[in-house]
Amino acid sequence: MHEYSLACSIAEICRETADAHGLITIERIVLAVGPLAVVHEETLRFLFDEVAQEYGIGRPEVVFSYQPLSVRCRRCGSEKAIEPPELGFREIWHNPEGAPLPTRCDSCGATEIEFPGASRFDVEGIEGEIPDDAAGD
Ligand SMILES: [Zn+2]
């Protein structure tokens, strides 16, 4: 299961970050999700709750930060961000209700476009608590 391995990687990153920074609790995790990342939020939340216990990181709040679609033209170099449509893009989940992805550059009309970071799924931030005696640093 794809989401299960994602949940484990996130928990692992949390564990490592907590160890590296001496965090005693992890309160909040922010995940950056590209507009074309194939991640099912509900499934991942459910699995992460389970996995987090095993990794001993408690029950942090998980925030999904959905990123805009970035369109970059390989011919003229223009780059612009498009807010993801409410129903998502057609290309993920074979979603017939979604909007089609752009096929041309807005500025020059070239079809040599790419979507940098569209499939990204990263841990963007981890917030936690450090022990009181270290708080003054
Ligand atoms: Zn262009």
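Select Ile 13 first; its place is in helix α1, where helices (H or I, at least four residues) and strands (E, at least two) are DSSP runs numbered from the N terminus. This is a predicted model, in which local features need pLDDT of at least 70 and side-chain atom pairs count only at pLDDT 80 or more, while totals for chains, interfaces and linings use all residues. Residues are numbered from 1 along each chain as its sequence is written, and side-chain values use heavy atoms, with hydrogens and water left out.

Ile 13 is partly exposed, with a relative accessible area of 36%. The scale is as follows: buried means under 20% relative accessible area, exposed means over 50%, and partly exposed lies in between (1.4 Å probe, protein chains only). Leaving aside neighbours within four places in sequence, Ile 13 is in contact with Val 123 and Ile 126, contact meaning heavy atoms within 4.5 Å. Show the C-alpha atoms of Ile 13 and Ile 126: they are separated by 9.2 Å, and the two residues are 113 apart along the chain.

**Helix α1**

Extend the selection to residues 2-21, the range of α1. The end C-alpha atoms of α1 are 29 Å apart, which agrees with the 28 Å that its 20 residues should span at 1.5 Å a residue; the expected span is 1.5 Å times one less than the number of residues. Colour the buried residues of this helix: Glu 3, Leu 6, Ala 7, Cys 8, Ile 10, Ala 11, Cys 14 and Ala 18. Their cover includes β1, α2 and β6. Just after α1, select Gly 22, which takes a positive phi of about 65°.

Go back to Cys 8, in helix α1. At 16% relative accessibility, Cys 8 counts as buried. Beyond its neighbours within four places in sequence, Cys 8 is in contact with Val 51 and Tyr 55. From Cys 8 to Val 51 is 43 residues in sequence and 6.4 Å in space, C-alpha to C-alpha.

**Helix α2**

Select residues 41-54 next. This is α2, with 14 residues; from its first C-alpha to its last it reaches 20 Å, close to the 20 Å expected at 1.5 Å a residue. Leu 44, Leu 47, Phe 48, Val 51 and Ala 52 are buried in α2. To see what covers them, add α1, β1 (25-33), β2 (61-66) and β6 (121-129), which are among the covering elements. Gly 56 follows α2 and has a positive phi, near 65°.

**Pro 60 and Val 30**

Move to Pro 60, in the loop between α2 and β2. Pro 60 is buried, with a relative accessible area of 6%. Show Ile 26, Glu 27, Arg 28, Ile 29 and Phe 48, which Pro 60 contacts when its neighbours within four places in sequence are left aside. Pro 60 and Glu 27 are 33 residues apart in sequence, and their C-alpha atoms are 4.5 Å apart.

Val 30 is in strand β1. With a relative accessible area of 14%, Val 30 is buried. Not counting residues up to four places away in sequence, Val 30 touches Val 63, Ser 65, Asp 122, Val 123, Glu 124 and Gly 125. For a distance check, the C-alpha atoms of Val 30 and Asp 19 are separated by 18 Å, with their positions 11 residues apart along the chain.

**Ser 70**

Select Ser 70 in strand β3 (residues 69-73). Ser 70 counts as buried at 16% relative accessibility. Draw the 3.0 Å polar contact between the side chains of Ser 70 and Glu 79; a polar contact is a pair of N or O atoms within 3.5 Å, where within protein one must be able to donate a hydrogen and the other to accept it, and residues adjacent in sequence count only if both atoms are side-chain atoms. Besides Glu 79, the residues touched by Ser 70 include Lys 80, Ala 81, Glu 114, Phe 115 and Pro 116, not counting those up to four places away in sequence.

**Asn 95**

Finish at Asn 95, in the loop between β4 (79-82) and β5 (113-114). Asn 95 is buried, with a relative accessible area of 14%. Its side chain reaches the backbone oxygen of Leu 87 at 2.6 Å. Neighbours within four places in sequence aside, Asn 95 is in contact with Leu 87, Gly 88, Phe 89 and Arg 90.
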